[in-house]
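Please consider the following sequence together with its model. The paragraphs below lead through selected residues, a helix and a pocket.

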Amino acid sequence: MDKFEQISQMMTKMSPEDLMKAMQMKRDLCTCPKCPTYNNCAKNAHELVFCNTGKSFMCVSEDKGCICPACPVAIEQGLKYKSFCLRGSEKAQRYEHAIWGSKMV
């Protein structure tokens, strides 16, 4: 079990209050607003921490570069994927990789 899996498992056992606190701490560390792909729509919609919450609902649609690998949240959680705002959360990308193999772009 890698670091991401351990953290995910630990989070499933948290109370709703502790989970909210943990997510707020991740939001505070999140570097999404500094990313060239992040836009005003995502900012106005308060979209952050795509690595945990999943891809942008309706705001981000064009890849202008990715800084996910350097994000403190990604490093802290041991994430191995990127472009979460466009491709989905780490969990979703791991699932897709498991189903479809290593041919993911």
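In this predicted model, I75 has a relative accessibility of 51% and therefore counts as exposed, the cut-off being over 50%. I75 belongs to helix α5. Once neighbours within four places in sequence are set aside, the contacts of I75 are K3, P69 and A70. The pairing with K3 spans 72 residues of sequence, while the two C-alpha atoms lie 10.0 Å apart in space.

Helix α5, which covers residues 72–77, also contains Q77. Is Q77 buried or exposed? Its relative accessibility is 1%, so Q77 counts as buried, a class that requires a value under 20%. When residues up to four places away in sequence are not counted, Q77 touches K3, F4, I7, K26, C51 and N52. K3 thus appears among the contacts of Q77 and also among those of I75.

One of the residues touched by Q77 is K26, and K26 is a buried residue of α2, as are A22 and M23. Seen down the axis of α2, the buried residues fall within an arc of 95°, and they therefore line one face of the helix. These buried residues pack against α1, α4 and α5. On the face turned away from the buried side, α2 carries the exposed residues E17, M20, K21, M25 and D28. As to its length, α2 consists of 14 residues and reaches 20 Å from its first C-alpha to its last, close to the 20 Å expected at 1.5 Å a residue.

The helix α2 also takes part in the largest pocket: α1 (3–12), α2 (16–29), α4 (50–53) and α7 (90–100) each supply at least two residues of its lining. Which helix provides the largest share of that lining? It is α1, with five residues. The largest pocket holds about 260 Å³ of space. Its lining comprises 13 residues, and those nearest the centre of the pocket are F4, S8, M11, N52 and K91. By residue class, the lining divides into six nonpolar, five polar and two charged residues.

Two of these descriptions meet at particular residues. F4 and N52 are listed among the lining residues nearest the centre of the largest pocket, and both F4 and N52 are also touched by the buried Q77 of α5.

Terms used
Residues numbered from 1 in each chain as written. Predicted model: local features only at pLDDT ≥ 70, side-chain atom pairs only at ≥ 80, totals over all residues. Heavy atoms only, no water. 1 Å grid on protein atoms, 1.4 Å probe; cavity = no way out; pocket = protein on both sides within 12 Å on 5 of 7 lines; lining within 4 Å. Points joined across faces, edges and corners; volume = space filled by probe spheres on them. Helix = DSSP H or I, 4+ residues; strand = E, 2+ residues; numbered from the N terminus. Nonpolar A, V, L, I, M, F, W, Y, C, P; charged D, E, K, R; others polar. Buried < 20%, exposed > 50% of the residue type's maximum accessible area, 1.4 Å probe, protein only. Contact = heavy atoms within 4.5 Å. Expected span 1.5 Å × (residues − 1). Arc of directions from axis to C-beta.
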